[in-house]
Amino acid sequence: MSQPPTLVLFGANSLCGEALIEQLPESTAWRCLGRQLPPAVAAERWRRCDLSDLSDGALQAAAAVLPPGPQIWICFAHLWLLAPFLEALMTLQPKALEGLRGLVACSSSSVITKRFAANGFDRDLVRRLATSQQQLLADCRELGVSARILAPTLIHGCTAHHRDHNVETLRRWLRRLPLLPLPAQTGLRQPISAADLAAVALDQAQRLTAPDAASALLPLGGDEELSYRQLLQRLQGGDPRAARCLLLNLPTRLFQVVASPLLLLSPKTFEALQRVSADLAGFPSVAELLDRPRRPFAPAIPAE
């Protein structure tokens, strides 16, 4: 019987990384690599590795801390760090990758939803994500290894040591503002919980052990599509402090006129407000990917 692959986790010191660790079966052989020991990880499970350091010495050290035998990598670190790291190992430490059997990495649906952005920040983000995706897929093809790149929508949730920076940012605004203007027509959202994203990553890692596994880019979202307004209302429903904020309905054109000065002051913020009316949903759901019943969007319990 062949040896089961060891799971190598990059980005363990993150919301999704910790959510994945919480779901690992006790029998799983795993190790996490990163710059700092994550608070949820025992010291014997962790080895130091800096994806951003591509010097000869650092790559030699990284090769030395990879576990022996077959491995499957799951990465929640930035894709633009993983891609050049893998390519550098291929060039300078090829023997370190002889055990690699598959790779699951996390990108973002922004590579799709922001591909026509006008502001420089979002254009650069899309370029970095798209370039990294292409590089990873090409390198894995050269290695003869299958890769699954997940491109999730709005990630939300919390673990013992981490909270999201998406939904929680909206919660902070609702708590601070007496009223929040919104366009009459708000677009659809499909938020995905960190726990669900971690579950999909584990499922895809398992699927990569099949001999016929193929590489793929997998956009995905949560099980419920709801409007931006409904998302805010769902946040308010479980948070009395956020519930005090009045969601002020404005005609959509008036909302755009009111927001227009931001085009000069902060093009990134202006485009973010324009996307409030856009549908950023319609992606395959976690329920479809895991073949389980749908679960509604449920914000984390608010932190005081």
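The questions and answers below deal with the sheet, helix packing and cysteines of a predicted model.

Biologist: In what order do the seven strands of the open sheet stand?
Modeller: The pairing in this open sheet is parallel. From one strand to the next, the twist averages 20°. The order is β3-β2-β1-β4-β5-β6-β11.

Biologist: Which strands stand at the edges of the sheet?
Modeller: An edge strand here has a single partner strand, so one side of it is left without a neighbour in the sheet. The two strands that fit are β3 (46–48) and β11 (216–220).

Biologist: Which residue in β4 stands opposite phenylalanine 10?
Modeller: Strand β1, residues 6–10, pairs with strand β4, residues 71–75, in the parallel sense over five bridges. Opposite phenylalanine 10 stands cysteine 75.

Biologist: What angle does the direction of helix α1 make with that of β1?
Modeller: Helix α1 (residues 15–23) packs on the sheet and touches β1, β2 (30–34) and β4. Its direction and that of β1 make an angle of about 155°.

Biologist: Across which strands does helix α5 lie?
Modeller: Helix α5 covers residues 120–143 and runs at about 160° to β6. The strands it lies across are β5 (100–106), β6 (146–152) and β11.

Biologist: How are α2 and α3 oriented to each other, and how many nonpolar residues does their contact have?
Modeller: The axes of α2 (residues 56–65) and α3 (residues 79–92) come within 10 Å and cross at roughly 90°. That angle falls in the range 65 to 115 degrees, so α2 is roughly perpendicular to α3. Asp56, Leu59 and Ala62 in α2 meet Phe85, Ala88, Leu89 and Leu92 in α3. By class, the contact has one charged residue, no polar ones, and nonpolar residues numbering six.

Biologist: Which residues in α8 meet α6, and what is the orientation of the two helices?
Modeller: From α6 (167–176), the residues Val167, Leu170, Arg171 and Leu174 meet Tyr228, Leu231, Leu232, Leu235 and Gln236 in α8 (228–237). These contact residues divide into seven nonpolar, one polar and one charged. The axes come within 10 Å and cross at roughly 70°. The orientation is therefore roughly perpendicular.

Biologist: How far from cysteine 140 is the nearest cysteine sulfur?
Modeller: A disulfide needs two cysteine sulfur atoms within 2.5 Å, and a search of the whole structure finds zero disulfides. For cysteine 140, the nearest cysteine sulfur is that of cysteine 75, at 11 Å.

Biologist: Is cysteine 140 buried or exposed, and what about cysteine 245?
Modeller: Buried means under 20% relative accessible area. Cysteine 140 has 0% and therefore counts as buried. Cysteine 245, at 4%, is likewise buried.

Terms used:
Residues numbered from 1 in each chain as written. Predicted model: local features only at pLDDT ≥ 70, side-chain atom pairs only at ≥ 80, totals over all residues. Heavy atoms only, no water. Axes fitted to C-alpha atoms, helices over the stretch in contact; angles between N-to-C directions. Helix = DSSP H or I, 4+ residues; strand = E, 2+ residues; numbered from the N terminus. Parallel < 35°, antiparallel > 145°, perpendicular 65-115°, else oblique. Contact = heavy atoms within 4.5 Å. Nonpolar A, V, L, I, M, F, W, Y, C, P; charged D, E, K, R; others polar. Pairing = 2+ DSSP bridges. Buried < 20%, exposed > 50% of the residue type's maximum accessible area, 1.4 Å probe, protein only.
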